[in-house]
Amino acid sequence: MKKFSGLDEFVAAQGAELGPTDWLEVTQDRVNLFADATDDHQWIHIDPERAANGPFGGTIAHGLLTLSLLPHFTSQMYSVDNIAMAINYGYNKVRFITPVKVGAKIRARAQIAKVDQLDGAVQATLTTTVEIEGSDKPAAVAESIVRFIG
């Protein structure tokens, strides 16, 4: 994990690569809990018997579940000390490239793509790639924005 001592050090790291994180197994239990939390009970996520004969050969994680794991991965990639708070400001672009099959392991890596100075804050754009163990194609690529308040 990269630890930045403050905003100046973070700003100077524009273009830096972060990660990769540890692998995380996507379990059926996690997918089911996400389905319950979001009321998205589509059979490709929660019905292993039916999904076995479906287009992916088994159940897959929701794309939004993969996206929702970014804070988990981010906390393994970097931290910024001596700030009041960090705020998830949103996303410019998200693409779900490859379905994540239940039982697969995923991890993330990121690049600090852009850093802008604001009044009393710094706004960073990070490009994060979620990889699937053993796959040539990523699960997702997300361009996220985070604001660090000094």
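Two strands are taken to pair if DSSP finds at least two bridges between them. In this predicted model, that rule gives strand E6, residues 105-118, several partners to look at in turn.

A good place to start is strand E2, residues 17-18, which pairs with E6 in the antiparallel sense over two bridges. Here glutamate 17 has glutamine 111 of E6 as its bridge partner. Strand E3, residues 24-25, also pairs with E6 in the antiparallel sense, again over two bridges. In this pairing, lysine 105 of E6 is found opposite glutamate 25.

E6 is also joined to strand E7, residues 121-132, by 12 bridges, and these two strands run antiparallel. Within this pairing, valine 130 of E7 lies opposite alanine 108. Two residues separate E6 from E7 in the hairpin that they form, and in its turn glycine 120 has a positive phi of about 80°.

Attention now moves to helix H2, residues 28-38, whose buried residues are Gln28, Val31, Phe34 and Ala35. Viewed down the axis of H2, these buried residues fall within an arc of 125°, so they line one face of the helix. The packing partners of the buried residues of H2 are helix H3 (43-46), helix H4 (48-52) and helix H5 (63-68). On the face of H2 turned away from the buried side, the exposed residues are Asp29, Leu33 and Ala37. Just after H2 comes aspartate 39, with a positive phi of about 60°.

Technical notes: Residues are numbered from 1 along each chain as its sequence is written. This is a predicted model: local features need pLDDT of at least 70, side-chain atom pairs count only at pLDDT 80 or more; totals for chains, interfaces and linings use all residues. Side-chain values use heavy atoms; hydrogens and water are left out. Helices (H or I, at least four residues) and strands (E, at least two) are DSSP runs, numbered from the N terminus. Buried means under 20% relative accessible area, exposed over 50%, partly exposed in between (1.4 Å probe, protein chains only). The arc is that of the directions from the helix axis to the C-beta atoms. Contact means heavy atoms within 4.5 Å.
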